[in-house]
Amino acid sequence: MVDLCIRLFVDTALLMLIWMTQLIVYPSFTYLKSDAVSKWHPLYTKRISVLVAPLMLFQLFYVAFQLFVAPSYYQAGSLFIVVLTFLITFVKAVPKHAAVETNPNQAKSIFQQLVAINWQRTFLYSALFVWTVFELYLKLTS
Amino acid sequence: MVFYAFAGLNHFLMPDFYLGLIPDYFDSKPTYNALAGVGEILVAIGLYYPLSRKAGVYGILFLLLAFIPAHIDFIRVGACVTDSLCVPEWVAWVRLILIHPFLIWWAWIYRNYRIKD
């Protein structure tokens, strides 16, 4: 039960962050002028990394750890989703953020691309959250 | 491509080898073995044709991600499954931590690869 509560905490935190980023943060960048983007974006990426990176790493290692100590279809599926979010983040999203730094004049179109990429992560984190809630429900009712 | 075609066929030629490597929490091991075999054969076909090469690479990535739990389970049971595969535990760790990510990276960098005429 404790393991599922830990998972619920970290899955919820990432769910909130990804939806806020998707609905508020990325769209707000499209309204900024290029000089404002070039000043704010490096600070934004550093500050958001401080929040997101520990959560993502904790989720990855905790799910992998659970797969060692309490293996189940849920843990295996969770690891699949978590590794997929890592791949999308580092292979698709991070290069786009780097592109914003080098081409602040094209920030609007790059952030529109980032929103499209981020829908994939939003879907995955939402699915992970729903699955964890469902597992918790099964545990509580069994 | 040839590697994935052989690997896919092998799931049907030597099913017992693979069935032992599928974690016990998977209900129907023969079904998962068949799915993995068909998946690898489809990926090989996808890689062969330029038009479907990118889809083939995404297929490889999907399969590699799907196999991670099996590699973790293999370490969990001591890197030795009777009538299947037995290796030193450090080999299983190297496979999980180094080789598997390398294979994912390798597949990813070749997603836009075109054979020159």
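**Exercise 1. Which residues make up the largest nonpolar core?**

Before we start, a word on the ground rules. This is a predicted model, where local features need pLDDT of at least 70, side-chain atom pairs count only at pLDDT 80 or more, and totals for chains, interfaces and linings use all residues. Residues are numbered from 1 along each chain as its sequence is written, while chains are lettered from A and ligands numbered from 1 in the order in which they are written.

*Step 1.* Get the terms straight. A nonpolar core is a set of buried Ala, Val, Leu, Ile, Met, Phe, Trp, Tyr and Cys residues joined through C-beta atoms within 7 Å. A residue is buried if 20 or more other C-beta atoms lie within 10 Å of its own, exposed if 12 or fewer, and partly exposed in between, with C-beta atoms placed from the backbone.

*Step 2.* List the members. The largest such core has 10 residues: B:Y4, B:A36, B:V43, B:A44, B:L47, B:V57, B:I60, B:L61, B:L63 and B:A107. At least two of them come from each of α3 (29–48) and α4 of chain B. (Helices are DSSP runs of H or I with at least four residues, strands are runs of E with at least two, and both are numbered from the N terminus.)

*Step 3.* Look beyond it. Another core lies apart from this one; it has eight residues, including A:A76, A:L79, A:V82 and B:I72. As background, nonpolar side chains tend to be buried together in soluble globular proteins.

*Step 4.* Zoom in on one member. Skipping neighbours within four places in sequence, B:V57 is in contact with B:A107, B:Y110 and B:R111. Contact here means C-beta atoms, placed from the backbone, within 7 Å.

**Exercise 2. Describe where chain B touches chain A.**

*Step 1.* Count both sides: 11 residues of chain B are in contact with 12 residues of chain A.

*Step 2.* Find the main contributor on the chain B side. That's helix α4 (residues 53–76) of chain B, which gives seven residues.

*Step 3.* Sort that side by chemistry. You get nine nonpolar, no polar and two charged residues. The sorting takes Ala, Val, Leu, Ile, Met, Phe, Trp, Tyr, Cys and Pro as nonpolar, Asp, Glu, Lys and Arg as charged, and the others, Gly among them, as polar.

*Step 4.* Check the scores: the model has ipTM 0.74 and pTM 0.82.

**Exercise 3. Sketch chain A as a whole.**

*Step 1.* Chain A has four helices and zero strands, running α-α-α-α from the N terminus.

*Step 2.* Its C-alpha atoms fill a box of roughly 55 × 25 × 20 Å along the principal axes. Of its 142 residues, 21% are buried.

*Step 3.* Among contacts with a separation of 6 or more, 79% join residues 24 or more positions apart.

*Step 4.* For confidence, use pLDDT, the predictor's score for each residue from 0 to 100. Chain A averages 90, with 100% of its residues at 70 or more. Of its elements, α3(A) has the lowest mean (89) and α1(A) the highest (92).

**Exercise 4. Compare spans, bends and buried residues in α2(A) and α4(A).**

*Step 1.* Helix α2 (residues 34–69) has 36 residues and reaches 50 Å from first C-alpha to last, close to the expected 52 Å. For α4(A), 35 residues reach 49 Å, close to the expected 51 Å. The expected span is 1.5 Å times one less than the number of residues.

*Step 2.* Now the bends, each the angle between axes fitted to the seven residues ending at a residue and the seven starting there. There's a kink of about 35° in α2(A), centred on A:S49, and a bend of about 25° in α4(A) at A:N118.

*Step 3.* Buried in α2(A) are A:V37, A:Q59, A:V63, A:Q66 and A:L67. They pack against α1 (2–29), α3 (73–102) and α4 (107–141) of chain A, plus α4 of chain B.

*Step 4.* The buried residues of α4(A) include A:I110, A:F111, A:L114, A:N118 and A:R121. The buried set of α4(A) packs against α1, α2 and α3 of chain A.

**Exercise 5. Classify A:L140, A:N105 and B:A79 by exposure.**

*Step 1.* A:L140 lies in helix α4 of chain A. A:L140 counts as exposed because it has 9 C-beta neighbours inside 10 Å.

*Step 2.* A:N105 sits in the loop between α3 and α4 of chain A. With 13 C-beta neighbours inside 10 Å, A:N105 is partly exposed.

*Step 3.* B:A79 is in the loop between α4 and α5 (89–109) of chain B. B:A79 is partly exposed, with 18 other C-beta atoms within 10 Å. One more thing to spot: B:A79 isn't a glycine, yet has a positive phi of about 60°.

Notes. Two residues are in contact if their C-beta atoms, placed from the backbone, lie within 7 Å.
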